[in-house]
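This briefing introduces one protein model to a reader who has not met it before. Look over the sequence and the fold first, then read the points grouped below.

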Amino acid sequence: MAGKSDNWSTEAYAAAASFVPKLATKVVSYLAVGENDHILDIGCGDGPLTAQIAASASKGWVLGLDASPNFITTAKSKYTTGNCTFRLQDCTQMKSCAVAINGKWDKVFSNAALHWILRNPDTRTDVFTDIHAALKPNGLFVCEFGGKGNIAEVHAAILSALVQYGVSIDQARESCPWFFPSEKWLHDKLQETGFEVEKVELENRPTKLTPKSADGSAGLQGWIKLMGAEMLKAVDEGLREQVVRSASEILETIITREEDGSQWIGYVRIRAVARKA
């Protein structure tokens with residue numbers, strides 16, 4: 001978001017979370033991309049899934065928005081085509097982006113981003129209001145992100161490690177960068193902002209982490225460093241590696257499978273399909 005340091009990079013994401021766009025098959029199937037579709041992608045990251053969607057919307061246009069300068073720089077350089085473009089945008093403030101909030105999009109899409117975008121309670125309703133305003137009448141909004149209970153064991157371990165290194169539990173909780181809603185919350189919020197809700201579903205989806213690496217950029221430690229970067233800022237920089245190691249040690253036997261040593265964390269995904277009334 002504006003005023004914050006950019007924790008993201010394509011290299012770090014590939015090392016710690018390359019599985020994220022690969023697991024979007026179901027939500028993309030709900031999007032049902034047509035070749036003439038104009039699609040707005042909210043929180044597009046560094047662009048590979050946006051580009052995949054644009055390839056299907058070959059006679060339409062796809063615009064990806066993201067708040068990370070690093071991600072948008074990569075997306076522009078790797079995936080810009082005649083029908084696929086990218087723009088740096090704080091997605092809690094989309095009304096400031098006239099090309100996005102213009103009432104002309106056939107579909108709005110978001111994968112693995114709204115749990116970041118909705119973190120601030122003060123702007124949650126605005127996000128959905130802006131998505132509604134972006135769509136044509138009868139336009140479709142399709143999304144997937146972290147739902148209630150997502151990565152609960154990792155979240156708890158990071159909180160515990162922060163407290164171990166002198167952070168109060170209230171400060172540790174406040175440092176959390178995510179919002180993981182229930183099915184009822186999302187259903188009610190979509191209705192409140194003018195959508196006809198076609199589907200809201202929650203899926204428990206244990207997810208295999210990337211293999212450990214010697215430099216700590218992959219596996220569980222890499223995941224915590226990347227996804228939990230804002231939480232790690234609750235301690236002095238010199239303590240952050242110790243917090244990462246402590247949280248990882250807490251989780252070691254909980255998430256490791258004895259048969260092959262692979263590590264899995266408890267992803268819970270929430271998906272919604274809603275139509276502009």
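UniProt positions follow the numbering used here, feature names are shortened, and an annotation may be inferred rather than shown by experiment. The model described here is predicted. According to the UniProt record, an unreviewed entry, residues 39-139 form "domain: Methyltransferase". Helix makes up 35% of that stretch and strand 27%.

**The annotated stretch**

- The C-alpha atoms at the two ends of residues 39-139 are 10 Å apart.

**The sheet**

- Seven strands form an open sheet with mixed pairing, in the order S3-S2-S1-S4-S5-S7-S6.
- Strand S3 (84-88) and strand S6 (195-208) are the edge strands, and each of them pairs on one side only.
- On average, neighbouring strands of this sheet are turned by 15° against each other, with direction ignored.
- Strand S4 (residues 105-111) pairs with strand S5 (residues 135-146) in the parallel sense, over six bridges.
- Asn111 has Glu144 in S5 as its bridge partner.
- Helix H5 (residues 69-79) lies across strand S2 (61-66) and S3, and runs at about 160° to S3.

**Helix packing: H8 and H13**

- A pair of packed helices is described by the angle between the two axes and the distance between them.
- Helix H8 (residues 152-164) packs against helix H13 (residues 240-255) at an angle of about 140°, and their axes are 8 Å apart.
- H8 is therefore oblique to H13.
- The crossing in which H8 passes H13 is right-handed.
- On the H8 side the contact is made by Glu153, Val154, Ala157, Ile158, Ser160, Ala161, Leu162 and Gln164. On the H13 side it is made by Val243, Ser246, Ala247, Ile250, Leu251 and Ile255.
- Of the residues in the contact of H8 with H13, 10 are nonpolar, three are polar and one is charged.

**Helix packing: H1 and H11**

- Helix H1 (residues 10-17) and helix H11 (residues 219-227) have axes 8 Å apart and pack at an angle of about 135°.
- This angle makes H1 and H11 oblique to each other, because angles over 145 degrees would count as roughly antiparallel and 65 to 115 as roughly perpendicular.
- H1 and H11 make a left-handed crossing.
- From H1, the residues Ala12, Tyr13, Ala15, Ala16 and Ala17 meet Gly219, Gly222, Trp223, Leu226 and Met227 of H11.
- The residues of the contact of H1 with H11 comprise eight nonpolar, two polar and no charged.

**Helix packing: H7 and H10**

- Helix H7 (residues 124-134) and helix H10 (residues 183-192) cross at roughly 55°, and their axes come within 9 Å.
- H7 and H10 are therefore also oblique to each other.
- H7 passes H10 in a crossing that is right-handed.
- Arg124, Thr125 and Phe128 of H7 meet Trp185, Leu186, Lys189, Leu190 and Glu192 of H10.
- The residues of the contact of H7 with H10 include four nonpolar, one polar and three charged.

Note on methods
Residues are numbered from 1 along each chain as its sequence is written. This is a predicted model: local features need pLDDT of at least 70, side-chain atom pairs count only at pLDDT 80 or more; totals for chains, interfaces and linings use all residues. Side-chain values use heavy atoms; hydrogens and water are left out. Helices (H or I, at least four residues) and strands (E, at least two) are DSSP runs, numbered from the N terminus. Two strands pair if DSSP finds at least two bridges between them. Axes are lines fitted to C-alpha atoms, for helices over the stretch in contact, and angles run from 0 to 180 degrees between N-to-C directions. Contact means heavy atoms within 4.5 Å. Angles under 35 degrees count as roughly parallel, over 145 as roughly antiparallel, 65 to 115 as roughly perpendicular and the rest as oblique. A crossing is left-handed if the near helix is turned anticlockwise from the far one by less than a right angle, and right-handed if clockwise. Ala, Val, Leu, Ile, Met, Phe, Trp, Tyr, Cys and Pro count as nonpolar, Asp, Glu, Lys and Arg as charged, and the others, Gly among them, as polar.
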